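Notebook open, model loaded. I wanted to see how the helices pack, so here is what I looked up, in the order I got to it.

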Amino acid sequence: AASLFGHHRPRTLADQPTPLDRHNTWRNTAMPAADGGDLGTTTNYARSRRSRLTNPTALTTSPGLRRGSVAVQSVSSGGGAMASSSSPDDDASPTIPIGVLAVLSAAFLNLLGFTMAGPITPELGQHFGLEVGAKFGSLTSAYPLGMLFGLFIWPQFSDRRGRKPVMALSLLGSAIGLSLQSYAIKSNWSLPVFLASRVLTGCFAGSSPVSKAYLADIGSKQGLLPKYLALRDAASTLAFIMGPTLGGLFYEARRATTGT
């Protein structure tokens, strides 16, 4: 009678599917791909999805598995952003240490004292009564001659006493030498005395290897040695640019003031 009216016996607990049965059913169910074809079983689907999670670049080559691709791309882009935020270039500080700025200023000032004398060299020749020739050329070559002597003195001295004291002594000696040159011209001292003061000034200014060694000590620790050396060369080049300009401006201002 029950079968006649279409009734079945009630389902018992033993008839209910177990979690393992549902898992096997899910594994054996075919999953359609986005292009209309069969991707295969769910097991292949899960493996394919795991491979895409571990290798996000596979998204661009696989036609299937459109679902979840946005999440994978966002994860991959987020990982790229995290990697870029922790790159060494971002960690490097853009500011220059005070010690490096002091060395760059010293390199600039040492050469500035030499290059500023370029525009007034003809007036110096007239002051000492020199004609164009060897003696006239000595007005310019005396300073580099002193720098040549300094190149053999200051590096060895800095190895024993330190870089900073030698660079400070170099700046002090250059300032004294430039003041002595101006006093020699004002007091009408002889040409040999003036040239001796020029050689002395150049000797104190010949601490270029010391400044390079100091930049090498700091730059090698920070990984910025090429940058610091490039800045030092730029400071020296700037002295050759600004020195003649400033020397000419000061000479024009003095001539306008004194009328001579």
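Entry 1. I started with what the buried residues of helix 10 pack against, and got helix 5, helix 7 (134-161), helix 8 and helix 11 (225-258). The model I'm working from is a predicted one. The buried set in helix 10 is V210, S211, A213, Y214, L215, I218 and G219. I checked the length too: helix 10 covers residues 208-222, 15 residues in all, and goes 21 Å from first C-alpha to last, close to the 21 Å expected at 1.5 Å a residue. Just after helix 10 I found G223 with a positive phi, near 75°.

Entry 2. Helix 8 was on that list of partners, and I went there next. Helix 8 (residues 163-186) has 24 residues and reaches 35 Å between its first and last C-alpha, close to the 34 Å expected at 1.5 Å a residue. What do its buried residues touch? I find helix 8 packing through them against helix 5, helix 7, helix 9 (191-205) and helix 10. I noted the buried residues of helix 8 as V166, M167, S170, G173, S174, G177, Q181 and A184. Helix 8 is followed by N188, and its phi is positive as well, near 60°.

Entry 3. Helix 5 turned up as a partner of helix 10 and of helix 8, and I picked the contact with helix 8 for a closer look. At what angle do helix 5 and helix 8 cross? I read roughly 25°, with the axes coming within 10 Å, for helix 5 at residues 98-115 and helix 8 at residues 163-186. That angle is why I call helix 5 roughly parallel to helix 8; the cut-off for that label is under 35 degrees. The crossing of helix 5 past helix 8 is left-handed.

Entry 4. Which residues make this contact? From helix 5 I listed V103, A106, L109, N110 and G113, and they meet M167, S170, L171, S174 and L178 of helix 8. Sorting the residues of this contact by type, I got six nonpolar, four polar and no charged. Two lists overlap here: M167, S170 and S174 of helix 8 sit in the contact with helix 5 and also count as buried.

Entry 5. Last, I zoomed out to the whole chain. I count 11 helices and two strands, running α-β-β-α-α-α-α-α-α-α-α-α-α from the N terminus. Of its 260 residues, 30% count as buried. For contacts between residues at least 6 apart in sequence, I get 64% joining residues at least 24 apart.

Notes. Residues are numbered from 1 along each chain as its sequence is written. This is a predicted model: local features need pLDDT of at least 70, side-chain atom pairs count only at pLDDT 80 or more; totals for chains, interfaces and linings use all residues. Side-chain values use heavy atoms; hydrogens and water are left out. Axes are lines fitted to C-alpha atoms, for helices over the stretch in contact, and angles run from 0 to 180 degrees between N-to-C directions. Helices (H or I, at least four residues) and strands (E, at least two) are DSSP runs, numbered from the N terminus. Angles under 35 degrees count as roughly parallel, over 145 as roughly antiparallel, 65 to 115 as roughly perpendicular and the rest as oblique. A crossing is left-handed if the near helix is turned anticlockwise from the far one by less than a right angle, and right-handed if clockwise. Contact means heavy atoms within 4.5 Å. Ala, Val, Leu, Ile, Met, Phe, Trp, Tyr, Cys and Pro count as nonpolar, Asp, Glu, Lys and Arg as charged, and the others, Gly among them, as polar. The expected span of a helix is 1.5 Å times one less than its number of residues. Buried means under 20% relative accessible area, exposed over 50%, partly exposed in between (1.4 Å probe, protein chains only).
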